[in-house]
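Visitor: Please take a close look at one part of this protein, its salt bridges, and place them within the fold as a whole.

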Amino acid sequence: MKAGVLYSGGKDSSLAAIMLGTYYEVELNTFVFDPARLIPTIENAAQALGFPLKKRVFPEGMAEEMADMVISCGYPNDAINRIHQTAIGTLAGEYKVVSDGTRFDDRVPMLTRAQVQSICGRTGSTYVRPLLGYMRSEVDRLADRFLVVEYGETGMIPNGDYESEIRAAIRARGVDPAALFPPHHEQSLVVGRKKCNNN
């Protein structure tokens with residue numbers, strides 16, 4: 001059975017895909033707002049994992065809508081959760097099993113129980129979160145064991161995180177996004193997969 005994994009190219013979604021690969025035929029899915037956006041670093045990360053990747057495009061105008069929401073709220077959490085819910089809902093319309101890399105201690109993005117039940121009830125899909133029981137320290141340990149990872153600030157590392165395109169949409173309005181997003185938010189990008197050792 002196929003599992004559609006929401007994929008940013010980072011360590012969390014990469015580990016989730018590896019775990020699911022034991023039981024499912026994994027297909028990675030990266031969402032972008034701009035259909036012309038190229039995603040070579042994410043394609044390379046998917047290739048390193050050995051899973052096929054599909055680039056998907058959010059509905060037209062969504063980036064601007066979410067930029068307005070961030071500016072209106074003064075913080076990005078609601079917009080990022082809405083984007084994530086849209087992505088998971090889209091995948092649930094195609095796959096019987098959908099997944100992402102959300103962890104135990106994540107606050108954003110994180111779907112509520114009611115949102116998950118709504119998506120699954122409407123589509124008949126199952127939403128699986130392999131890392132939900134893992135705290136960041138353990139995810140980092142596993143990533144160090146299995147993956148070659150680069151780290152950097154949001155917007156400075158070319159992964160498939162929603163935030164960089166939302167920041168660009170806010171900047172296009174003449175607003176400095178730095179005042180709306182938390183400072184020093186580290187992102188990751190998988191650049192290789194280590195050979196398995198039994199340590």
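Guide: What follows goes from the overall fold to the charged pairs, and then to a few single residues.

The model is predicted. The protein holds seven helices and seven strands, and read from the N terminus the order of these elements is β-α-β-α-β-α-α-β-α-β-α-β-α-β. The radius of gyration is 16 Å, close to the 16 Å that the globule rule gives for 199 residues, so the protein is as compact as a globular protein of that length. The C-alpha trace spans about 50 × 40 × 30 Å along its principal axes. Of the 199 residues, 48% are buried. Of the contacts between residues at least 6 apart in sequence, 76% join residues at least 24 apart. The exposed area of the protein is about 9900 Å², with 52% of it supplied by carbon and sulfur atoms.

Now the charges. There are 22 positive and 24 negative side chains, and the centres of these two sets lie 6 Å apart. Side chains of opposite charge can pair when their charged atoms come close. With a cut-off of 4 Å between a side-chain nitrogen of Lys or Arg and a carboxyl oxygen of Asp or Glu, the count is 17 salt bridges. Three of these pairs are described here one by one, followed by a network.

The side chains of lysine 54 and glutamate 27 form a salt bridge, with 3.5 Å from N to O. Lysine 54 belongs to strand 3 (residues 53–57) and glutamate 27 to strand 2 (residues 25–32), so this pair ties together parts that are 27 residues apart in sequence. The two partners differ in burial: lysine 54 is partly exposed at 32% relative accessibility, while glutamate 27 is buried, with a relative accessible area of 9%.

Arginine 37 and glutamate 165 also meet through their side chains in a salt bridge, at 2.8 Å from N to O. Arginine 37 sits in the loop between strand 2 and helix 2 (40–49), and glutamate 165 in helix 7 (residues 162–171), so the pair ties together parts that are 128 residues apart in sequence. Here both arginine 37 and glutamate 165 are buried.

The third pair is arginine 56 with glutamate 94, again a salt bridge between side chains, 2.8 Å from N to O. Arginine 56 is part of strand 3, whereas glutamate 94 is in the loop between helix 4 (77–92) and strand 4 (97–99), so the link ties together parts that are 38 residues apart in sequence. Arginine 56 is buried, with a relative accessible area of 15%, and glutamate 94 is partly exposed at 44% relative accessibility. Elsewhere, salt bridges with shared partners connect Lys11, Asp12, Arg103, Asp105, Asp106, Arg136, Asp140 and Glu186 into one network.

Helix 7, which carries glutamate 165, also contains arginine 167. Arginine 167 is buried, at a relative accessible area of 12%. Apart from its neighbours within four places in sequence, arginine 167 is in contact with Thr154, Pro177, Phe181 and Pro182.

The loop between helix 7 and strand 7 (186–193) contains valine 175. Valine 175 is partly exposed, with a relative accessible area of 30%. Leaving out neighbours within four places in sequence, its contacts are Ile71, Ile170 and Leu180. From valine 175 to glutamine 47 the C-alpha to C-alpha distance is 37 Å, and the two are 128 residues apart in sequence.

Alanine 63, in helix 3 (residues 62–73), is buried, with a relative accessible area of 10%. Beyond its neighbours within four places in sequence, alanine 63 is in contact with Phe33, Ile166 and Ala169. Alanine 63 and isoleucine 83 are 20 residues apart in sequence, and their C-alpha atoms are 9.1 Å apart in space.

One backbone detail remains. Most peptide bonds are trans. The bond that joins valine 108 and proline 109 is cis, with omega about -10 degrees. Proline 109 lies in the loop between strand 4 and helix 5 (113–123).

Key:
Residues are numbered from 1 along each chain as its sequence is written. This is a predicted model: local features need pLDDT of at least 70, side-chain atom pairs count only at pLDDT 80 or more; totals for chains, interfaces and linings use all residues. Side-chain values use heavy atoms; hydrogens and water are left out. Helices (H or I, at least four residues) and strands (E, at least two) are DSSP runs, numbered from the N terminus. The radius of gyration is taken over C-alpha atoms; the globule rule is 2.2 Å times the number of residues to the power 0.38. Buried means under 20% relative accessible area, exposed over 50%, partly exposed in between (1.4 Å probe, protein chains only). Contact means heavy atoms within 4.5 Å. Accessible areas come from the Shrake-Rupley method with a 1.4 Å probe; for residues, only the protein chains shown count as cover. Lys and Arg count as positive and Asp and Glu as negative; His and the chain ends are not counted. The place of a charge is taken as NZ of Lys, CZ of Arg, CG of Asp or CD of Glu.
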